[in-house]
Amino acid sequence: MSSIKLRGKMPALFADLALVNGKVRTMNPAQPTAEAIAVGKDRILKVGTNDEINQWIGKNTKIINLNGKTVVPGFIDTHIHVADFGRFLMWLDLKHVKSIKELQSSLKERVQKTSSGKWIIGRGWNQDRFEEKRLPTLSDLDSVSPDNPVILYHESAMMCVVNSKALEMSHITRLTPASMDGAIDRDQKTGELTGIFRDSATDLLWKAVPEPSENELLDATALACKKIAAAGVTSVHWMVLSPVEIPIVEKLYAQGKLPIRVYLIIPVNLLDSVAHFRSTHELSLRIGGVVINADGYLAAKSAALFQPYNGEPQTSGTLLCTQEEIYSAASRILEAGLQPVIHAMGDRAVDAVLTTIEQLTSEASGKGISFRIEQAALLDKMLIERIKKIEVVVSVQPCVAASEFSVWSASENLGPLRARWLYPLKTLLEEGVRVVGGSDCPMEPLSPLLGIQAAVAREFFPEERISVDQALRIYTSDAAYSSGEENIKGSLEEGKLADMVVLSRDPLATAPNKIGDIQVEMTFIGGRMVFKRKNLAS
Ligand SMILES: [Zn+2]
């Protein structure tokens, strides 16, 4: 109270940072736009006109002139596999390679930087882009990497090429049989292995690759966090896949190498092993959610459907647990004060999950916890009605949704009548359902701007396109709500954390199919600049 009185008498409090001359999209309905922001320590002091913010500027205030650029709240990615992303970043990136010669020189460069005998993994090549118009071979790789075992994955990840050292380390010879649904290519004349492995035969090699050391994982994950901040993401809902990720994130935090805020979502089998961690409720690192898997994935035809997949009357996916099992796991999660995050992709799985949630709503709301369904991909009007009624948060990844149509051909595999209700984002939002957005990086691109583009410019069933404002909300204010953090983040308003992103252009004034091209110029987390685009004049 005393500080409030003091401020009335003399303007002793000045901002540490002021962003002026901008176009601020606050995501606060009470004050949607502004010109400037004043920040003190890690919080927003004031959002307003340049004149209003001027009053907060003292001699020690750092002033950034935005020159008309747009500021939005820091993006929140509600579904990202940070540790996996880190591992991918360590791999040799072959996406842009246009010939086998180029592939060899990239590999050669990597060999020179790698100690002898250490595995080199790469990904992203595609022979259709090669000048030579042929698959790379064992001998192409041997000539530049005789001592380091090498596996280079095709961009589809369904095929790879390896060198002789990799075969030796994996104990694979010309006599090794491929498994039922895999293939090992051989030279038609000599019968010798060509180095190409397909489908499940690629597992024979992967098994031989040693797990990265803790230090390697720490470095990889730290790099991933930097890239995430550079994409304008200030908070992540980190989907944990392996128990090794928990000590990694704890160490990064302790070492001050975690620039982004982290809400960990762990698999249910780790619930008991993280009790020590749960007691801390830090602003920047906490365990928040626990995943229960109710079914599989559409693309693998393991998502549980009421009616079979088109053309396969025997296949309708399977529920991975009974309703009783979902109920008891969700109860345990609520008891621990955490958020049940239930993966349910098919309509039959969503129905089973909703039935469970309907029995637990009063327990959850008593604790102030919202249930969250991951994907909720295939819906119908009845299911949407139930989701709305019990206020379940629906978590989607718009780039995954786009791939489901374009890569998996959802319309063919489900039939147009059902595909119409695949990721019906506009209907969900119009019904008042809280939808939150994520990337599923590294399987899909990291950029939230690409995710926004995918949601507003979707090509399949365009009647389910959402507006840019709605898309921004699913990555900011609504995402903050889903983790119970709407009071501290998700919009730019006084008292909230100064998590902000400066964009090269205003997404609301950009053609929908160009939103992904907008550049992130600066990222601030708690008022601290954690990223600034290279060559950006200040
Ligand atoms: Zn995922």
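**Questions on a predicted model**

User: Which strands form the open sheet in this predicted model, and in what order?

Analyst: The open sheet consists of six strands in the order 3-2-7-22-23-24, with mixed pairing.

User: What makes strand 3 and strand 24 the edges of the sheet?

Analyst: Strand 3 (33-34) and strand 24 (528-532) each have a single partner strand, so one side of each is left without a neighbour in the sheet.

User: How do you know that strand 7 and strand 22 pair?

Analyst: Two strands pair if at least two bridges are found between them. Strand 7 (residues 70-73) and strand 22 (residues 500-503) are joined by four bridges, in the antiparallel sense, and therefore count as paired. Within this pair, V72 stands opposite V501 of strand 22.

User: Which helix packs on the sheet, and which strands does it touch?

Analyst: Helix 8 (residues 214-230) packs there, touching strand 23 (520-525) and strand 24. The direction of helix 8 makes about 115° with that of strand 23.

User: Why is the chain called as compact as a globular protein of that length?

Analyst: The chain contains 20 helices and 24 strands. Its radius of gyration is 25 Å, and the globule rule gives 24 Å for 538 residues; the two values are close, so the chain is as compact as a globular protein of that length. The C-alpha trace spans about 90 × 55 × 50 Å along its principal axes.

User: What share of the residues counts as buried?

Analyst: Of the 538 residues, 44% count as buried. The cut-off for this term is 20 or more other C-beta atoms within 10 Å.

User: Which residues have the most contacts inside the largest nonpolar core?

Analyst: That core has 131 residues, and those with the most contacts inside it are I37, W238, I265, A349, V353 and V394. Helix 12 (residues 347-366) gives the largest share, seven residues. Domain 1 (2-68) and domain 3 (214-525) each supply at least three residues to this core. Leaving aside residues up to four places away in sequence, V353 touches A294, I326, I342, A344 and I373. Another core, of 27 residues, lies apart from the largest one and includes L92, V97, I121 and V162.

User: How many residues bring domain 2 and domain 3 into contact?

Analyst: Seven residues of domain 2 are in contact with eight residues of domain 3. The domain assignment places domain 2 at 84-206 and domain 3 at 214-525. Their centres, taken over C-alpha atoms, are separated by 34 Å.

User: What makes N21 and K133 noteworthy in their phi angles?

Analyst: Most residues other than glycine have a negative phi. N21 is not a glycine, yet its phi is positive, about 60°. K133, also not a glycine, has a positive phi of about 50°. N21 is in the loop between strand 1 (17-20) and strand 2 (23-25), and K133 is in the loop between strand 10 (120-125) and helix 5 (138-142).

User: Why is N21 called partly exposed and K133 exposed?

Analyst: A residue is exposed with 12 or fewer other C-beta atoms within 10 Å, buried with 20 or more, and partly exposed in between. N21 has 15 such atoms, so it is partly exposed. K133 has 10, and therefore counts as exposed.

User: Where is the cis peptide bond between C441 and P442, and what is its omega?

Analyst: Most peptide bonds are trans. The bond joining C441 and P442 is cis, with an omega of about 10°. P442 is in the loop between strand 21 (435-437) and helix 18 (448-456).

Conventions:
Residues numbered from 1 in each chain as written. Predicted model: local features only at pLDDT ≥ 70, side-chain atom pairs only at ≥ 80, totals over all residues. Helix = DSSP H or I, 4+ residues; strand = E, 2+ residues; numbered from the N terminus. Contact = placed C-beta atoms within 7 Å. Axes fitted to C-alpha atoms, helices over the stretch in contact; angles between N-to-C directions. Rg over C-alpha atoms; globule rule 2.2 N^0.38 Å. Core = buried A, V, L, I, M, F, W, Y, C linked by C-beta atoms within 7 Å. Domains from an automatic or database assignment.
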